[in-house]
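Here are a few exercises to work through with the model open in your viewer. Try each task before you read the solution under it.

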Amino acid sequence: MATKFEKAKGDYTSFGGLKLFEQVIRGGKLKPRIRDYMPTGQRMTAEKSYNKFQALIYGMIVGNDCIRDMDEVTRDPIFDALCGQKTYTSQSYGQFLTMFSAGQARKLNEELRNYALRLRQAAFPKDHDFILDIDSTLHKQYAKKMEGVESTYENYSALSSLHVYDQHGFQYHLDVRSGATHTAK
């Protein structure tokens with residue numbers, strides 16, 4: 001994969017770095033690896049399903065904390081262009097996520113973990129050390145109705161996430177848990 005920088009006219013946004021992630025996703029051939037795990041059915045083709053999934057990935061990359069943040073990021077011209085001018089409302093993305101069966105979600109997570117390992121091996125072929133770091137983070141929540149939000153030991157409403165990364169920053173696991181979940185669990 002080669003990256004080419006060109007001088008351009010026009011406005012820039014903070015989402016310009018998404019183009020690099022698009023190239024990594026396309027060059028790493030993520031789409032054919034996970035297409036079979038995307039929900040389909042009532043007017044939802046595998047292509048449309050993957051496009052929504054990819055938009056959600058881009059949303060996480062730019063820092064979305066919740067599904068409602070998709071309403072804001074889809075207004076950005078770079079985000080919109082990378083999504084092929086086919087973005088949706090946060091409600092539509094939320095409905096899409098509920099279409100995944102437990103089995104699809106499990107298989108998708110397994111494939112994404114394998115994908116991360118493959119990217120790591122391509123980026124660092126001579127590094128045979130595999131050091132994992134487990135990180136637990138509390139995420140303050142402000143919504144009135146949200147599943148899993150509980151009062152934390154610091155007395156604010158939150159969700160807790162448990163992440164597993166390697167020494168190069170590739171992520172292999174993410175578990176979103178109730179806010180009162182202790183890190184050791």
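**Exercise 1.** Place Thr74 in the fold of this predicted model, then work out whether Thr74 is buried or exposed.

*Solution.*
- Step 1: start with the backbone. Thr74 sits in the loop that links helix 4 (70–73) to helix 5 (77–82).
- Step 2: check the surface. The relative accessible area of Thr74 is 13%, and the cut-off for buried is under 20%, so Thr74 counts as buried.
- Step 3: follow the side chain. The Thr74 side chain gets to the backbone oxygen of Asp71, at 3.3 Å.
- Step 4: list the partners. Skip anything within four places in sequence, and Thr74 touches Phe79, Asp80, Thr87, Tyr88 and Tyr93.

**Exercise 2.** Find the buried residues of helix 1 (residues 18–27) and say why they line one face.

*Solution.*
- Step 1: pick out the buried positions, which are Leu18, Glu22 and Ile25.
- Step 2: look down the axis of helix 1. The buried residues fit within an arc of 65 degrees, so they line one face of the helix.
- Step 3: see what that face meets. The buried residues of helix 1 pack against helix 2 (30–34), helix 3 (46–61), helix 5 and helix 7 (102–123).
- Step 4: go past the end of the helix. Lys29 follows helix 1, and its phi is positive, near 55 degrees.

**Exercise 3.** Describe how helix 3 and helix 6 (residues 90–98) pack: what is the angle, and how far apart are their axes?

*Solution.*
- Step 1: get the geometry. The packing angle is about 115 degrees, and the axes of helix 3 and helix 6 are 11 Å apart.
- Step 2: name the arrangement. With that angle, helix 3 is roughly perpendicular to helix 6.
- Step 3: give the hand. Helix 3 and helix 6 make a left-handed crossing.
- Step 4: assign the contact. Helix 3 brings Ser49, Lys52, Phe53, Ala55 and Leu56, while helix 6 brings Ser92, Tyr93, Phe96 and Leu97.

Tyr93 may ring a bell: this residue was also among the contacts of Thr74.

**Exercise 4.** Over to a strand: what surrounds Ser157, and how far is Ser157 from Ala143 in space?

*Solution.*
- Step 1: locate the residue. Ser157 is in strand 3 (residues 157–166).
- Step 2: rate the exposure. At a relative accessible area of 37%, Ser157 is partly exposed.
- Step 3: collect the contacts. Leaving out neighbours within four places in sequence, these are His139, Lys140, Gln141, Val149 and Glu150.
- Step 4: take the C-alpha to C-alpha distance. Ser157 and Ala143 are 14 residues apart in sequence and 9.3 Å apart in space.

Note on methods. Residues numbered from 1 in each chain as written. Predicted model: local features only at pLDDT ≥ 70, side-chain atom pairs only at ≥ 80, totals over all residues. Heavy atoms only, no water. Helix = DSSP H or I, 4+ residues; strand = E, 2+ residues; numbered from the N terminus. Buried < 20%, exposed > 50% of the residue type's maximum accessible area, 1.4 Å probe, protein only. Polar contact = N/O pair within 3.5 Å; in protein donor to acceptor, adjacent residues only side chain to side chain. Contact = heavy atoms within 4.5 Å. Arc of directions from axis to C-beta. Axes fitted to C-alpha atoms, helices over the stretch in contact; angles between N-to-C directions. Parallel < 35°, antiparallel > 145°, perpendicular 65-115°, else oblique. Left-handed = near helix turned anticlockwise from the far one by under 90°.
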